[in-house]
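Me: Please take a close look at one part of this model. I would like to see how its helices and the loops beside them are laid out.

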Amino acid sequence: MTAQWNDSQPIYWQLKERTIAMILDGTLPEGSALPSVRTVASDFQLNPITVSKSYQALVDDELVEVFIEEIQRLTAELREGVRNNDAEMVRIAAHSIKGMGGTIGLPEISVVGLEIEKQAK
């Protein structure tokens, strides 16, 4: 992917606006995960901090409420998997949580998801 950035606005802001446009035009369906910070940084040759800042701006604007709800749903799946002694369900939910943490720029969540995923294998 290539992107043209203009000098009149910070890149993180332009990326935020592009992400909103992708949600509105259906390119990024509502409720789907945002691409990971690393993927976007690599695709657009940006510093990952710039991408994280853009995603944080989306959070601040409450545009990623759906992603918070998704993490809550996945947490409920984790609990159910543990209750039912279903290691595969736990592993899949933890893997998704790991990805969601990276997507919304919260590496702490990704670390927890990774540790649970390892334990479930």
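What follows walks through two neighbouring helices, the loops beside them and a pocket.

Reply: Keep in mind that this is a predicted model. Start with helix H3, residues 48-60. Its 13 residues should span 18 Å at 1.5 Å a residue. The C-alpha atoms at its ends are 18 Å apart, so the expected span and the model agree.

Now look at which side chains of H3 are hidden. Val51, Ser54, Tyr55, Ala57 and Leu58 are buried. Viewed down the axis of H3, these buried residues fall within an arc of 150°, so they line one face of the helix. A general rule helps here. An α-helix has 3.6 residues a turn, so residues three or four places apart point the same way. The face of H3 turned away from the buried side carries Ile49 and Asp60, which are exposed.

Next, the ends of H3. Asn47 caps the N-terminal end. One of its side-chain oxygens lies 2.8 Å from the backbone nitrogen of Ile49. Just after H3 comes Glu62, with a positive phi of about 60°.

Step back to helix H2, residues 37-44. Its buried residues are Val37, Val40, Ala41 and Phe44. They cover an arc of only 100° around the axis, which puts them on the same side of H2. Arg38 and Ser42 are exposed, on the face of H2 turned away from its buried side.

The loop between H2 and H3 holds Gln45. Most residues other than glycine have a negative phi. Gln45 is not a glycine, yet its phi is positive, about 55°. Is Gln45 buried or exposed? Gln45 is exposed, with a relative accessible area of 76%. The cut-off for exposed is over 50%.

A similar case sits in another loop. Asn85 lies between helix H4 (65-83) and helix H5 (87-103). Asn85 is not a glycine either, and has a positive phi of about 55°. Asn85 is exposed too, with a relative accessible area of 72%.

Last, the pocket. The second largest pocket has a volume of about 170 Å³. Twelve residues line this pocket, and the closest to its centre are Leu15, Met22, Pro35, Val40 and Phe44. Helix H1 (11-24) and helix H2 (37-44) are the elements that give two or more residues to the lining. By class, the lining has eight nonpolar, two polar and two charged residues. Two names return from the H2 list: Val40 and Phe44 are buried in H2, and both are among the residues closest to the pocket centre.

How values were computed. Residues numbered from 1 in each chain as written. Predicted model: local features only at pLDDT ≥ 70, side-chain atom pairs only at ≥ 80, totals over all residues. Heavy atoms only, no water. 1 Å grid on protein atoms, 1.4 Å probe; cavity = no way out; pocket = protein on both sides within 12 Å on 5 of 7 lines; lining within 4 Å. Points joined across faces, edges and corners; volume = space filled by probe spheres on them. Helix = DSSP H or I, 4+ residues; strand = E, 2+ residues; numbered from the N terminus. Nonpolar A, V, L, I, M, F, W, Y, C, P; charged D, E, K, R; others polar. Expected span 1.5 Å × (residues − 1). Buried < 20%, exposed > 50% of the residue type's maximum accessible area, 1.4 Å probe, protein only. Arc of directions from axis to C-beta. Polar contact = N/O pair within 3.5 Å; in protein donor to acceptor, adjacent residues only side chain to side chain.
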